[in-house]
Amino acid sequence: MKTAKRLFRILIFLVIGFLVWESAYNEAWAQRGGGRGGRGGRGRGGMDMNPSQRRGPFSNLPLGAQELLGQHQEAYRSLPPQLRAYILTALRGWDSFFPPEKKQFEVFFRKAKNAAPEELRDAFQGTLPPLPRRNVQDSPPPDESDVQPAPRRGRRGRWGAAGGGGRTAPGRRGPRISFTPAQFAKIDAAFDRYVFADMGIGPGLIVIAFSTTATPAANPVLQDSLISQGTLLKNVAFTHPPKTWIAALLTGCEDPIKGKNLRYPSLFEYHNRDMDDKTHTRTLALYPDKDAPPAVSKTRGFGKKYGPLAVRASDFEPAVSVINSELETARQKGRSERYIERMVKPKFTSKMLKLNKTLNDEALMRLVTRTLLASDENLKLDNTFLRNLAFGCLLKAQPDLFLVHLKDDGSPENQHFVQTAREVHQSHYRYKDRTTLAVLDQRRGQVLIIGPDIPAGREISEPHTLQDLSVTLSRRANIRAAKAQGAPLQDLVAR
């Protein structure tokens with residue numbers, strides 16, 4: 001009898017221990033975004049791997065994606081198998097999506113619900129790869145577990161992947177649909193084209209500001225080939241330091257700083273208040289260090305609730321210290337870079353790195369984490385980190401108003417960054433034909449403005465203040481900055 005009781009107690013102890021371990025494991029796995037999947041963009045994201053949640057064809061997707069597909073099952077089932085596979089792949093990154101990315105899929109399903117088959121065929125003509133040779137009938141949606149990861153798809157930052165096929169009978173699966181990165185990119189572009197046509201997006205503004213450094217710059221940030229695409233203001237009065245002149249640009253006013261706040265509302269505040277948007281994701285600002293201008297004013301009716309998502313690279317020094325320490329330990333132990341990528345880096349979550357101490361947006365925290373871990377160069381928290389983070393913000397957050405402050409350190413990578421930003425400005429459906437790009441060069445007192453109806457190859461030598469520039473840009477972005485003090489350049493604001 002005593003032996004039986006002892007065995008029973010041991011069994012109970014083991015069962016309880018297992019349940020505690022399983023709970024902790026599932027929570028850790030969920031925080032990591034399902035292992036390596038949590039580090040992706042569109043097409044790679046966190047998945048709850050708790051077995052109790054694995055029910056139904058979409059159970060491996062994040063909860064928000066499950067709910068979206070649950071609401072639109074009929075529209076989803078009517079799609080071509082290749083498009084279903086693309087959607088399942090993309091929605092794995094749901095937990096890392098910014099609001100505009102989520103809205104794209106909501107708009108897609110609203111359109112697809114009422115779309116005739118020929119409309120979808122025309123929209124995605126030439127982008128969907130042929131089905132595998134084993135010809136099977138179209139059928140209910142594939143299980144998400146059929147979706148397999150594939151290589152990164154390219155500069156735009158999303159992740160290509162393989163898709164899943166449909167089921168033709170109980171216990172039998174249809175063909176597995178796999179995409180090359182190039183094929184995935186084609187579908188991605190067609191998806192954007194189809195969706196953005198009905199999203200009603202207004203004008204936007206992208207500002208790239210270069211401040212002077214102590215070291216003379218060997219390479220100008222503006223190349224002649226880029227200058228020929230817009231209007232160059234050759235005599236803009238930049239005040240020093242950058243904290244002051246950036247604040248003047250953002251407010252359109254002289255003496256723009258009062259203590260730890262702006263003296264007047266910023267363009268970010270005006271825009272978010274007009275849109276009645278408190279998510280902050282429509283406006284972003286990236287700065288190198290703590291010497292950034294204040295984020296918001298204390299003006300009545302404005303303030304924190306309408307401020308931008310503001311990032312200061314220097315705030316991530318504690319997180320970088322943790323990452324460097326772990327990486328150094330792994331390398332001292334002789335771990336391979338492959339091991340580090342697969343086993344060490346995935347444990348660095350935004351929560352583990354305590355990014356919530358400086359950021360209050362989950363999607364931005366995940367993006368910052370992925371950017372930090374993308375390369376050792378990013379861990380220096382200099383221009384390289386800010387440039388890479390800026391591209392991620394442009395492509396994922398798709399802000400209406402975006403500012404990135406870089407240092408004019410003479411690196412040719414600055415030229416490359418500006419040129420690539422211009423390519424995004426030209427090609428991305430959020431920006432092209434509706435957004436103004438402004439590049440500010442403090443060292444040379446120049447500003448290049450490119451956008452719809454902006455004369456190309458023109459130079460203006462008359463002096464202008466940053467207040468004049470602020471009013472000009474705010475009007476092009478349809479921002480009503482009531483307290484701004486500058487005079488707009490009329491030939492650059494007529495639209």
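Ile-206 sits opposite Phe-402 of β12, and the two strands involved make a good way into this predicted model. Strand β5 (residues 204–212) pairs with strand β12 (residues 401–408) in the parallel sense, over eight bridges. Two strands are said to pair if DSSP finds at least two bridges between them. Strands of a sheet pair through backbone hydrogen bonds, either parallel or antiparallel.

Both strands belong to an open, mixed sheet of eight strands, ordered β11-β10-β12-β5-β13-β14-β6-β15. β11 (309–312) and β15 (458–460) have a single partner strand each, so one side of each lacks a neighbour in the sheet. On average, and ignoring direction, neighbouring strands here are turned by 15° against each other.

Now for the helices around that sheet. Two of them are set out below, with angles from 0 to 180 degrees between N-to-C directions of axes fitted to C-alpha atoms, for helices over the stretch in contact. Contact means heavy atoms within 4.5 Å.

| Helix | Strands met | Angle |
|---|---|---|
| α10 (residues 267–275) | lies across β10 (283–287) and β12 | about 160° to β10 |
| α16 (residues 466–476) | touches β5, β6 (231–233), β13 (435–441) and β14 (446–450) | about 160° with β13 |

The loop between α10 and β10 holds His-280. This residue is buried, at a relative accessible area of 17%; buried means under 20%, exposed over 50% and partly exposed in between, with a 1.4 Å probe and protein chains only. Neighbours within four places in sequence aside, His-280 is in contact with Lys-304, Lys-305, Tyr-306, Gly-307, Pro-308 and Leu-309.

Helix α7 (residues 181–196) is worth a look too: its 16 residues reach 22 Å from first C-alpha to last, close to the 22 Å expected at 1.5 Å a residue. That expected span is 1.5 Å times one less than the number of residues. Buried residues in α7 include Phe-184, Ile-187, Phe-191 and Val-195.

Stepping back, the chain has 17 helices and 16 strands, taken as DSSP runs (H or I of at least four residues, E of at least two) numbered from the N terminus. Of its 495 residues, 53% count as buried. Among contacts between residues at least 6 apart in sequence, 74% join residues at least 24 apart.

A note on conventions: residues are numbered from 1 along each chain as its sequence is written, and side-chain values use heavy atoms, leaving out hydrogens and water. Local features need pLDDT of at least 70 and side-chain atom pairs count only at pLDDT 80 or more, while totals for chains, interfaces and linings use all residues.
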